[in-house]
Amino acid sequence: MRTLNRAAFHLILRLGSRRLTGAQIDAVYREYTPAARATVLRLYRATDPADFQNWERRFLECAADVPVRVLWGRHDPFIEAQFAERFGARSVRILEDCGHWVPLEAAVECAREVVELCFPTSRYTQGGISMESEAPKTN
């Protein structure tokens, strides 16, 4: 992870998604600084699977009290789509053309889903306004 060069980074991200463009992968690589790589490596090495034993029960308790929507890529090679159902979400949407990196692969769709979940009466979810051409205005 720490010594990952641009070519290897491209290969790894492509494993997770066949939809990512070279430009998207390059943009992520530019932000993946040596400090970020070292941090990710420390996180992976420090992760103890035993820490996750009570994760599902606790997460389901939280999900019962707040709206949860799961967006999952059908072609995720790392975590099968069947796991999307385990989150106790009110809605699960499997994106047929996506892999592991759903927010990069379908950014507009993800944004639309977030707006719809958080602001169900917004003019962006009710009026057919294209999120590609107009972003929400802030006051």
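Biologist: Which residues line the second largest pocket?
Modeller: In this predicted model, the lining is made up of Trp-55, Trp-72, Ile-79, Phe-83, Arg-86 and Phe-87. The space in that pocket comes to about 160 Å³.

Biologist: How do you know how many of the lining residues are nonpolar, and how many charged?
Modeller: Just sort them by type. Trp, Ile and Phe count as nonpolar, while Arg counts as charged. So the lining of the second largest pocket splits into 5 nonpolar and 1 charged, with no polar residues.

Biologist: Okay, on to the helices. Why are α1 and α2 called oblique to each other?
Modeller: Helix α1 (residues 6-16) and helix α2 (residues 22-31) pack at an angle of about 120°. Roughly perpendicular stops at 115 degrees, and roughly antiparallel needs over 145. The angle of about 120° falls in neither range, so the pair is oblique.

Biologist: What residues make the contact between α1 and α2?
Modeller: From α1 you get Arg-6, Phe-9, His-10, Leu-13 and Arg-14, and they meet Gly-22, Ile-25, Asp-26, Val-28 and Tyr-29 in α2. By class, that's 5 nonpolar, 2 polar and 3 charged residues.

How values were computed:
Residues numbered from 1 in each chain as written. Predicted model: local features only at pLDDT ≥ 70, side-chain atom pairs only at ≥ 80, totals over all residues. Heavy atoms only, no water. Axes fitted to C-alpha atoms, helices over the stretch in contact; angles between N-to-C directions. Helix = DSSP H or I, 4+ residues; strand = E, 2+ residues; numbered from the N terminus. Contact = heavy atoms within 4.5 Å. 1 Å grid on protein atoms, 1.4 Å probe; cavity = no way out; pocket = protein on both sides within 12 Å on 5 of 7 lines; lining within 4 Å. Points joined across faces, edges and corners; volume = space filled by probe spheres on them.
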